[in-house]
2 protein chains.
Amino acid sequence: MNKCWLRCTRCKSVFDFRLIGKCEKCQGTLLVEYDMNRAHDVFTPTKLALSNNNTLWRYHELLPVRSLDSAITLGEGVTPLIRMPAIEKQQSLRRVWMKREEQNPTGSFKARGFSVTVSLLAERGIPIAAVPSNGNAASAFAAYAARAGIDAHVFIPKDCPPLIVEECKLYGAHTTLVDGKIHDAAAAIELRKDQMGWFNVGTLREPGRVEGKKTMAFEIAEQLGWRLPDVIIYPTGGGSGIVGMWKGFMELRRLGLIQGTLPRLISVQEEGCRPIVDALKGTENQEESITNEASNPTGMRVPIPPDLDLLVTILKETGGDAISVSKSEMDSAQRMLGTLGISSSPEGAATYAGLLKLTETNGLSGEEEIVLFNTSHAMKYSSVSPSAISKRQLADYMI
Amino acid sequence: MNKCWLRCTRCKSVFDFRLIGKCEKCQGTLLVEYDMNRAHDVFTPTKLALSNNNTLWRYHELLPVRSLDSAITLGEGVTPLIRMPAIEKQQSLRRVWMKREEQNPTGSFKARGFSVTVSLLAERGIPIAAVPSNGNAASAFAAYAARAGIDAHVFIPKDCPPLIVEECKLYGAHTTLVDGKIHDAAAAIELRKDQMGWFNVGTLREPGRVEGKKTMAFEIAEQLGWRLPDVIIYPTGGGSGIVGMWKGFMELRRLGLIQGTLPRLISVQEEGCRPIVDALKGTENQEESITNEASNPTGMRVPIPPDLDLLVTILKETGGDAISVSKSEMDSAQRMLGTLGISSSPEGAATYAGLLKLTETNGLSGEEEIVLFNTSHAMKYSSVSPSAISKRQLADYMI
């Protein structure tokens with residue numbers, strides 16, 4: 001496999017590759033770097049076009065596993081990127097695409113990160129690990145850990161959608177509900193991990209999850225014929241998807257596979273928990289974000305992202321932005337996507353709500369090519385009761 | 001596109017291609033035939049290997065649309081086929097694969113059939129259509145109809161899982177719950193369709209759904225490097241998947257792309273509603289199947305398959321079989337698959353339960369290569385209540 005190492009995004013120090021996420025000198029986020037001269041020969045459009053690997057492991061030459069044989073795969077990645085002609089027409093936009101991340105294993109985009117992370121754990125014989133999560137990361141970790149025979153411990157806020165909690169249990173994860181937010185779940189793990197021998201696979205705590213997420217950038221470029229969209233609207237919580245996509249595009253540019261400016265990366269958050277929006281505006285107001293209870297239990301509710309500085313730097317560097325949408329805007333967007341044949345998670349709906357907000361405020365030129373992300377299925381968040389009465393209410397007719 | 005026509009599976013009469021499912025002379029099932037001389041030139045492993053279409057429309061040369069531009073696609077097909085090493089080891093089997101059909105749009109294998117069928121409706125400007133369904137066909141039809149701007153009417157037994165009913169509504173389908181089984185839903189459509197102007201897209205009533213399902217056979221062959229497995233275990237209700245896969249393999253054989261005998265097709269049904277099992281044994285006992293209330297509301301519960309003779313012929317011709325499993329065997333199989341990282345529908349779990357039953361009764365040689373089908377996600381069938389109490393019960397700990 002390709003040689004790789006870690007570099008600090010802050011002080012630029014270099015470290016041998018290992019499963020750490022923070023710089024030992026300055027506590028900056030560490031990201032993986034590869035031998036790009038070698039990658040230049042083995043990571044080519046022609047080789048990829050001939051690959052019969054229809055998972056994200058088709059990009060293994062830029063993933064940090066020791067051997068492709070050790071990849072823990074459930075069939076993740078290479079999700080459809082479909083045109084949304086009805087949105088284009090309605091909003092007078094040139095091209096709008098939807099990246100259907102709900103078609104991953106475990107029904108969410110979180111599968112990507114954990115396929116890579118769990119492969120790294122398995123290669124090193126790490127038998128037990130834990131993750132704090134708003135839900136989908138927990139269930140994805142649980143599934144990949146089950147596949148690898150690793151003991152999974154997941155810590156989730158107690159208001160997490162019940163079906164996602166059920167899914168974690170189905171995959172055999174030790175599941176703890178926490179009376180608090182995701183940082184309280186993280187604190188609960190930190191408190192116990194040494195005693196319990198848990199490896200913490202939380203956001204930006206090891207290199208695998210960002211590397212898995214960066215394959216979204218590789219796929220968009222490959223699916224568009226090694227061409228980039230102008231704008232990507234992405235629901236953002238901890239931010240590993242933004243870091244990953246930015247990193248992926250930068251690697252493609254270094255390899256000469258794409259030219260020009262990177263897509264404007266636009267983070268969407270929910271009103272009530274928008275630390276990235278606040279930080280980008282320079283009105284950091286974390287305390288308010290933490291205490292505001294109006295925000296709903298979605299993957300975007302991360303009051304304290306692990307590296308806000310890095311996110312702000314990336315969004316600014318790409319000419320991007322961070323915007324917030326309300327719960328009712330998300331609900332309305334989810335209903336509209338439904339009538340177009342797309343079952344969207346609240347987070348996925350938030351990207352469409354974000355698009356609508358941007359068109360209203362002239363934040364998009366009609367000529368831009370835009371990619372939205374549907375990160376999961378609507379049904380994972382459902383609160384439909386199983387009683388016959390509610391079913392009768394659901395249907396139009398009962399005969 | 002490729003020239004095609006219809007041929008009756010019973011009396012062999014030939015008809016021009018149109019949206020009918022039954023022979024006008026003998027009421028036998030009609031299937032599509034293509035100009036195989038032309039297909040020989042355009043449907044080749046090399047052309048497919050170079051295709052950048054990662055949906056079932058990569059096989060468009062053997063699909064009955066007039067133009068690829070008219071395909072109504074949401075990103076269906078090309079689902080992962082993953083090895084299940086834990087099952088191989090545990091059951092002393094050489095190779096076991098899982099076809100992850102839940103990674104289709106709408107979270108189920110039903111997307112395939114309706115992508116093709118709705119494309120056919122859209123090409124002909126048909127504005128309104130109806131389907132009787134146990135749930136997943138209804139939600140898939142609803143999504144594709146939404147994409148195409150076709151008015152969808154779905155008729156579902158009232159004990160259908162509530163999340164699937166909710167999904168139909170999300171996609172904007174007119175949803176009717178029927179106090180009965182799927183044939184009662186079909187009868188309700190027949191009663192109203194002339195007055196309402198509905199086109200009935202029920203199983204084997206038009207050529208599209210079987211054509212969409214046959215792409216499962218194409219994919220298995222292509223994903224295994226134009227080699228076939230020995231056994232396919234498939235959950236069977238109306239039977240369009242069995243007909244479709246058999247048809248797909250026959251077409252590949254006619255094109256010389258695969259050699260040797262076809263895979264043994266093994267249908268799995270649930271005890272309490274097993275008309276195919278009974279018919280294969282020659283102990284047709286439809287009345288018992290219809291009245292037996294012990295069978296659960298899954299896609300396998302089809303008391304009166306539309307062409308039982310054709311199914312029996314296909315299963316016998318491939319050296320296959322039809323077996324039944326109990327609800328508790330399905331539940332147990334679902335839990336076991338969960339601990340291997342797979343969230344399976346009851347129908348998908350039934351294929352694993354079927355494998356276990358076959359190994360117990362020496363119905364499989366250890367040397368055979370086996371494909372199981374996971375047709376949907378466990379969560380679509382969930383009856384988890386949204387109350388906090390049930391969430392507490394779900395988790396191991398609450399802190």
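Chain B and chain A bury about 5200 Å² between them, where buried area is the accessible area (1.4 Å probe) that two parts lose on being put together, summed over both. Carbon and sulfur atoms account for 61% of this area. The model is a predicted one, in which local features need pLDDT of at least 70 and side-chain atom pairs count only at pLDDT 80 or more, while totals for chains, interfaces and linings use all residues. Residues are numbered from 1 along each chain as its sequence is written, chains are lettered from A in the order in which they are written, and side-chain values use heavy atoms, with hydrogens and water left out.

With contact taken as heavy atoms within 4.5 Å, 65 residues of chain B meet 64 residues of chain A. Between the two chains there are 2 salt bridges (a side-chain nitrogen of Lys or Arg within 4 Å of a carboxyl oxygen of Asp or Glu). One of them links Asp396(A) to Lys169(B), with the closest N and O atoms 2.6 Å apart. On the chain B side, helix H6 (residues 162-170) gives the most to the surface that touches chain A, contributing 6 residues; helices (H or I, at least four residues) and strands (E, at least two) are DSSP runs, numbered from the N terminus. That side of chain B comprises 33 nonpolar, 18 polar and 14 charged residues, counting Ala, Val, Leu, Ile, Met, Phe, Trp, Tyr, Cys and Pro as nonpolar, Asp, Glu, Lys and Arg as charged, and the others, Gly among them, as polar.

Turning to symmetry, a turn of 180 degrees and a shift of 0.0 Å along the axis lay chain B on chain A with an RMSD of 0.0 Å, the relation of a two-fold axis. The superposition is by least squares on the C-alpha atoms of residues with pLDDT of at least 70 in both copies. In chain B, the C-alpha nearest the axis belongs to Gln103(B), 2.3 Å from it. Both copies use the same surface, as 98% of the contact residues of chain B recur in chain A.

A sheet also spans the two chains: 5 strands form an open, parallel arrangement in the order E9(A)-E6(A)-E7(A)-E8(A)-E14(B), strands being paired if DSSP finds at least two bridges between them. Strands E9 (199-200) of chain A and E14 of chain B stand at the edges with a single partner strand each, so one side of each lacks a neighbour in the sheet. Across the chains, strand E8 (residues 174-178) of chain A is joined to strand E14 (residues 397-398) of chain B by 2 bridges, and Leu177(A) has Met398(B) as its bridge partner. At the other edge, 2 bridges join strand E6 (residues 128-132) of chain A to E9(A), where Ala130(A) is partnered by Asn200(A).
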